[in-house]
Structures are given as C-alpha cells and as structure tokens.
Amino acid sequence: PILSYSRLYNLQLVATTTTAYPDTGDPGAVTCDGVLYRNNSESWANIVAGAGTGVLSITAATGEIVRIDTDTSTTWNVLTRSHFGFDTAAIPDTETIDSATCSFFGVSKTNPGAWADSDFGVSLVLHTPAASTTLVAGDYNTATYGTTKFASDISYTNFSTSAYNDMAMNASGLTAISKTGVTNLGCRAPADVAASLTHTTNTGQSNMFCIFADTALTTTDPKLVVISSIPSTTVSTPTFKTPGTGGLGAGSAGGSHGF
C-alpha cells in the first residue's frame with residue numbers, strides 16, 4: 001500500500017508597475033492634458049453648472065490644476081477644471097490592478113480669497129472629454145466630469161509647490177483605470193464637486209499651479225503609476241510515502257501486516 005497527501009502552495013507572481021504620462025502637443029498622439037474654464041460674472045451655482053467658455057491651455061509647460069476667481073463679494077468670474085489623460089493599455093489584461101497613484105508636481109499657489117481647505121483644494125474625479133487627444137470648451141461642462149472622488153482630496157494647505165502631490169486612488173478610482181486604452185481623469189476644487197461654497201468677503205484669484213506634460217522631459221510630468229499582478233493561485237502538489245517508511249508497518253509476528 002502507498003499513502004499519499006497533498007501540500008498546498010500559494011503562488012503570487014512579481015507585481016507589474018506601469019507608469020503613464022499625458023502626451024505633449026495639441027493634439028496629443030493618444031492623450032493630452034490641459035485646463036478648461038468658464039468666465040462670466042455670476043453666482044456660484046451658475047459658474048459651476050454653466051457651459052464652458054474655452055480651453056485655457058493644452059501646450060503650456062505649467063497650468064492651473066484648479067482656480068477660483070472672485071470679482072465681487074457675491075459673484076465669481078472664473079472657475080477652472082483640469083484634464084489629464086493617460087494611456088494605460090500597457091497594463092497586462094490578465095492582471096488585477098492592486099493599487100494606483102496619480103501625481104502632480106506643484107510649482108505655485110495663492111489664496112487671496114481665503115477659501116477654507118474644505119472648499120479649495122484638488123479633488124480627483126473621472127473626466128470624459130469629447131476626444132482623448134485634444135480639448136474643447138464643452139469639455140468643461142459638468143456632464144463630462146464625475147462627482148465620485150477617486151482619492152482623498154489634497155487641501156490648499158497641504159499642496160506642495162516643490163514636489164509631487166501624490167493621490168492614492170481608492171476602489172472607485174482603480175475600477176476606472178482602463179487596461180485596454182486611455183484613462184481620462186480630471187481635477188476640480190472640492191467646492192466645485194459639491195456645488196456648494198462657503199463664501200468670504202475677500203476677492204481675488206486663488207489658484208494652484210502644477211507642471212504639465214509639455215515641459216521638458218517627464219521627470220516632473222503628471223503621472224499615473226499602476227501596480228498590478230496575476231491573482232494568487234493555490235496549487236496542490238502530491239507527495240508520496242513508500243512502504244516501510246514514516247509509519248508503514250514492516251510486518252508483525254504471525255504473518256499479519258498493519259499500520
């Protein structure tokens with residue numbers, strides 16, 4: 001007789017890191033980045049919900065990741081939203097996305113409007129422009145921007161002007177990453193996402209600037225770093241014991257054999 005049993009192994013292969021940047025130029029080869037805005041002295045509700053006025057920049061080296069511009073104590077005249085496209089088709093189709101971080105290298109910020117951090121900062125959301133390689137005024141419209149946040153907000157206070165501002169993506173954000181094409185993301189001020197702003201009597205142009213893809217090299221470009229891996233697999237490996245070893249009886253008196 002032969003006894004057999006199985007030994008279980010949990011196999012986890014080395015993770016894959018995929019780093020993507022927006023393309024340069026207008027239009028970009030596959031993706032682009034840029035800033036969209038509405039310019040019209042009006043209520044907060046109207047400047048949030050109104051149609052886009054234009055595209056502020058696609059080929060600039062730096063740009064406003066968000067901006068709130070107040071011209072009087074009761075009206076706002078400029079609100080900007082930014083766009084960042086990433087070609088993530090290189091992520092292996094058979095792998096599961098484990099984590100992702102979207103990063104923006106800050107260069108300057110100002111807040112004469114004295115907006116609270118809960119109102120003025122960076123919220124990462126879905127953006128679906130009409131085309132992935134360029135932007136048009138209509139891409140500002142709220143219908144093209146999501147309201148589900150893909151990461152914790154970066155507040156104005158915590159926004160770095162000399163390093164990357166990293167946004168670790170949550171489960172909703174990971175689901176939005178494409179393994180077969182372009183992942184288009186957008187940034188809005190938290191008060192823009194909420195369509196509600198605690199207004200102060202101060203006026204002025206409050207904004208945060210980051211480096212965009214059209215600067216030289218990619219060392220400070222907007223980037224999306226995705227970690228993926230093949231799902232864990234349990235493998236059963238048979239192991240055998242032969243007669244006479246490890247508990248198999250060698251034979252007893254009277255000619256009987258037993259375990």
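A salt bridge here is a side-chain nitrogen of Lys or Arg within 4 Å of a carboxyl oxygen of Asp or Glu. With that in hand, a search of the whole structure turns up 6 salt bridges. Keep in mind that this is a predicted model. The exercises below walk through some of its contacts.

**Exercise 1. Get your bearings in the chain.**
Task: find how many helices and strands the protein chain has, and what share of its residues is buried.

Solution. Start with the secondary structure: the chain has 3 helices and 14 strands. Next, look at burial: of the 259 residues, 42% are buried. Then turn to the outside, where the accessible surface comes to about 11,700 Å² and carbon and sulfur atoms hold 55% of that. Finally, check the contacts with a separation of 6 or more: 83% of them are between residues 24 or more positions apart.

**Exercise 2. Sort salt bridges by burial.**
Task: for the bridges R38 with E42, D192 with R81 and K149 with D153, decide whether the residues are buried or partly exposed.

Solution. You need one cut-off: under 20% relative accessible area is buried, over 50% is exposed, and anything in between is partly exposed.

- Step one: R38 and E42 meet side chain to side chain at 2.6 Å, N to O. R38 has 14% relative accessibility, so it counts as buried. E42 has 9%, so it is buried too.
- Step two: in the bridge between D192 and R81, the closest N and O atoms are 2.7 Å apart. This pair links distant parts of the chain, with D192 in helix α3 (residues 190–194) and R81 in strand β6, 111 residues apart. Both D192 and R81 are buried.
- Step three: K149 and D153 also have their closest N and O atoms 2.7 Å apart. K149 is at 30% relative accessibility, so it goes down as partly exposed. D153 is at 31%, so it gets the label partly exposed as well.

One more for your notes: E64, R67 and D69 are linked in a network of salt bridges.

**Exercise 3. Work out the geometry of an aromatic pair.**
Task: classify the pair W44 and W76 as stacked, tilted or edge-to-face.

Solution. The structure has 5 aromatic pairs. For W44 and W76, the ring centres are 5.6 Å apart and the planes stand at 65°; over 60 degrees counts as edge-to-face, so that is the class of this pair. Now place the two rings: W44 sits in helix α1 (residues 44–49) and W76 in strand β6 (residues 76–87), so to speak across the chain, 32 residues apart. Burial comes last: W44 has a relative accessible area of 7%, so it is buried, and W76, with 7%, is buried too.

Now try F105 and Y164. Their centres lie 5.3 Å apart with 80° between the planes, which makes this pair edge-to-face as well. F105 belongs to strand β7 (residues 96–110) and Y164 to strand β10 (residues 164–168), 59 residues apart. F105 is buried, at 17% relative accessible area.

As an extra, F84, F104 and F212 form one aromatic cluster.

**Exercise 4. Find the charges over rings.**
Task: which ring does R81 lie over, and which ring has the charged end of K223 over it?

Solution. Take R81 to begin with: it lies over the face of Y140, 4.0 Å from the ring centre. R81 is also the salt-bridge partner of D192. Then take K223, whose charged end sits over the ring of Y164, 4.4 Å from its centre. Y164 is also the partner of F105 in an aromatic pair.

**Exercise 5. Map the surroundings of two residues.**
Task: describe what E42 and N111 touch.

Solution. E42 lies in strand β3 (residues 33–42). Its side chain makes a polar contact of 2.6 Å with that of R38. A polar atom of the E42 side chain also lies 3.5 Å from the backbone nitrogen of I47. Not counting residues up to four places away, E42 touches I47, T74, T75 and W76.

N111 is in the loop between β7 and β8 (121–126), and with a relative accessible area of 18% it is buried. Setting aside neighbours within four places, N111 contacts F120, Y156 and S206. With S206, the side chains share a polar contact of 3.0 Å. Q205 is 94 residues from N111 in sequence, yet their C-alpha atoms are 7.1 Å apart in space.

Methods: Residues are numbered from 1 along each chain as its sequence is written. This is a predicted model: local features need pLDDT of at least 70, side-chain atom pairs count only at pLDDT 80 or more; totals for chains, interfaces and linings use all residues. Side-chain values use heavy atoms; hydrogens and water are left out. Rings of Phe, Tyr and Trp (its six-membered ring) pair if their centres lie within 6.5 Å; planes under 30 degrees apart count as stacked, over 60 as edge-to-face and the rest as tilted. Helices (H or I, at least four residues) and strands (E, at least two) are DSSP runs, numbered from the N terminus. Buried means under 20% relative accessible area, exposed over 50%, partly exposed in between (1.4 Å probe, protein chains only). A charge sits over a ring if NZ of Lys or CZ of Arg is within 6 Å of the ring centre and within 35 degrees of the ring normal. Contact means heavy atoms within 4.5 Å. Accessible areas come from the Shrake-Rupley method with a 1.4 Å probe; for residues, only the protein chains shown count as cover. A polar contact is a pair of N or O atoms within 3.5 Å; within protein, one must be able to donate a hydrogen and the other to accept it, and residues adjacent in sequence count only if both atoms are side-chain atoms.
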